[in-house]
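User: I should like to go through the assignments made for this structure and hear the reasoning behind each of them. Please set the values against the criteria wherever a term is used.

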Amino acid sequence: MIVTFIGHGYVGLVTAAVFADLGNEVHVVGHTPEKIENLKKGIIPIFEPGLTEMVKRNIESQRLFFSLDYSSVSSSDVVFIAVGTPPQKTGDAELETVYEVAKEVAKSLKGGYTVVVTKSTVPPGTNKKIARIIDENKPTDAEFDIASAPEFLREGTAINDTLNPDRVVIGTESDKAQQILVSLHDSLLKGSESGQGQLVTTNLETAELIKYASNSFLATKISFSNAIAKLSELCGADGLKVLEGIGLDRRVGKDFLSPGVGYGGSCFPKDVKALVSIAADYGYDFTLLDQVEGINSQAKRDVVRKARGMLGELHEKSVTLLGLAFKPNTDDMRDAPSIDIAALLRKEGARIKVYDPEALENAKKVIKDVEFSTDLYEAVKGADLVIIITEWNEFKEADLSKIKSLMKSPNIIDGRNIYNPQEVKDLGFTYIGVGR
Ligand code: UGA
């Protein structure tokens, strides 16, 4: 099929590259000249394992094209809207860009039939509004249907997630659009490694809500884990064993029960807030999700509380944060817990050094008044305390004896439980994890 993607963020670029790799002709439209010029050369604006190779391979085989204009829309079978929907101050998703893009798509349609699919995360009702906008702006001889196909890929494992989906959700009121989209996604479902990929076909509002409900449920699992971890620390239980104990029940499932320094990223914080706000619009007070957010903030404050417990007064103490990205294998700093934790530590007067294998450049834009280090061992020199914020492999494999010899006093807060506490204590560190 001929497919156009509007937007080349994590969702747009990864899905576009995968559809090209599966043999479709894929066009990606952006609005920043420099980014599009770079993409044409295979230089991608984000760090995502395997993506550069996949993009280059498909540029070379002439299946993947990048452009600043919407000219490919008129010849496309399917047009995906995959632009960002960042949160507004109220928690509501910002939808202006989605609506502007819908208008541009409409104006670029020519005679013939096109399916316009929203991949961006948007509240229930948005796709109906997009359909109205397209209807009002398209040429009379252009036919279209609208569909919602939310995306479930995770940064860091985005290609594998797209190639092996647990489910593909297609929401549309049109049988014709549904058939076209099922056939476009067919090889993903059939070819998925697990062979377990399920197709969910439904109406627009259901597809739209599935995305918010999925992210909010996963965020709830993480906050539940952080609450159990905290209680375990207080009552002397081994929180990780408790969570393993409940996760082995298939009704619960063992994934997404790792306590830590709180969830971050461009999705959970924004989608949980947006769902609270969507619910409020319908008169429902989603207090469960208020608590999910509250526990998440507490997980960040707890890191600082633990630091105070170890060092006493934090004023003028040297604290090194290892890992800044909201999770490993990405350079994404959006809503990363490191931002709040660094701010809380600074407020108490600590001197902060930070290191991350990939996110330093992005971090410089959002974390101020800290010393950025480009080397792990350089970063821990003279530190009174090292805090693991992101569980990069580089930290798991680090030479802890060397770290100890470089630090001023050997204190570790392991915010992601990456070390074996006994081994670290045997090396002479004072160690605190999460929930253990
Ligand atoms: C999340 C969802 O997992 C994807 O399914 C969804 O498509 C995506 O949002 C989106 O809406 O676009 P992502 O934000 O890339 O994906 O990252 P996750 O791997 O879900 O991690 C989110 C945060 O939760 C990270 O800060 C991570 O450290 C934290 N986390 C995750 C925990 O603290 N504990 C866990 O057990 C799992």
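User: Which helices each supply at least two residues of the lining of the second largest pocket?

Analyst: The model is a predicted one. Helix 1 (10-21), helix 4 (96-108) and helix 13 (360-366) each supply at least two residues of that lining. The largest share, 4 residues, comes from helix 4.

User: How many residues line the second largest pocket, and what is its volume?

Analyst: The second largest pocket holds about 1400 Å³ of space and is lined by 45 residues. Gly9, Tyr10, Val83, Gly84 and Arg334 lie nearest its centre. By class, the lining has 18 nonpolar, 14 polar and 13 charged residues. Glycine counts as polar in this scheme and tyrosine as nonpolar.

User: What makes the approach of lysine 211 to the ligand a polar contact?

Analyst: The cut-off for a pair of N or O atoms is 3.5 Å. An N or O atom in the side chain of lysine 211 is 2.6 Å from an oxygen atom of the ligand, so the pair is a polar contact. Asparagine 215 also reaches the ligand through its side chain, where an N or O atom is 2.7 Å from a ligand oxygen; this pair is therefore a polar contact as well. With serine 258, a polar backbone atom is 2.8 Å from a nitrogen atom of the ligand. Of the 720 Å² that the ligand exposes when taken alone, the protein buries 91%.

User: Which residues come nearest to the ligand, and what is the make-up of the shell by class?

Analyst: The ligand has 19 residues around it, and Phe152, Leu153, Glu155, Lys211 and Asn215 come nearest. The shell has 9 nonpolar, 3 polar and 7 charged residues. Helix 8 (204-235) and helix 10 (268-281) each supply at least two of its residues, and the largest share, 3 residues, comes from helix 8.

User: Why is the largest enclosed space called a cavity, and what volume does it have?

Analyst: The term cavity applies because a 1.4 Å probe fits there but cannot get out. The structure holds 2 cavities of 30 Å³ or more, and about 140 Å³ of space lies in the largest. Its lining has 16 residues, of which Gly260, Ala299, Asp302, Lys306 and Val434 are the closest to its centre. Helix 8 and helix 11 (287-311) each supply at least two residues of this lining; helix 11 gives the most, with 6 residues. The classes are 7 nonpolar, 5 polar and 4 charged residues.

User: Which residues line the second largest cavity?

Analyst: The lining consists of Thr118, Ser120, Thr121, Val122, Asn127, Ser148, Pro150, Glu208 and Lys211. By class there are 2 nonpolar, 5 polar and 2 charged residues. Valine and proline count as nonpolar, and glutamate and lysine as charged, so Val122 and Pro150 are the nonpolar pair and Glu208 and Lys211 the charged pair. The volume of this cavity is about 40 Å³.

User: How do you know that strand 13 and strand 14 are paired?

Analyst: Pairing needs at least two bridges between the strands. Strand 13 (residues 411-414) and strand 14 have 3 bridges in the parallel sense, and they therefore count as a pair. One example of bridge partners is isoleucine 413 with isoleucine 432 in strand 14.

User: What makes strand 14 an edge strand?

Analyst: Strand 14 (430-432) belongs to an open sheet of 6 strands in the order 11-10-9-12-13-14, with parallel pairing. Strand 14 and strand 11 (371-372) each pair on one side only, and they are the edge strands.

Definitions and conventions: Residues are numbered from 1 along each chain as its sequence is written. This is a predicted model: local features need pLDDT of at least 70, side-chain atom pairs count only at pLDDT 80 or more; totals for chains, interfaces and linings use all residues. Side-chain values use heavy atoms; hydrogens and water are left out. A residue is near a molecule or strand if one of its heavy atoms lies within 4 Å of it. A polar contact is a pair of N or O atoms within 3.5 Å; within protein, one must be able to donate a hydrogen and the other to accept it, and residues adjacent in sequence count only if both atoms are side-chain atoms. Accessible areas come from the Shrake-Rupley method with a 1.4 Å probe; for residues, only the protein chains shown count as cover. On a 1 Å grid over the protein atoms alone, a cavity is a set of points where a 1.4 Å probe fits but cannot get out, and a pocket is an open set with protein on both sides within 12 Å along at least five of seven lines; lining residues have an atom within 4 Å of a point. Grid points are joined across faces, edges and corners, and a volume is the space filled by probe spheres set on the points.
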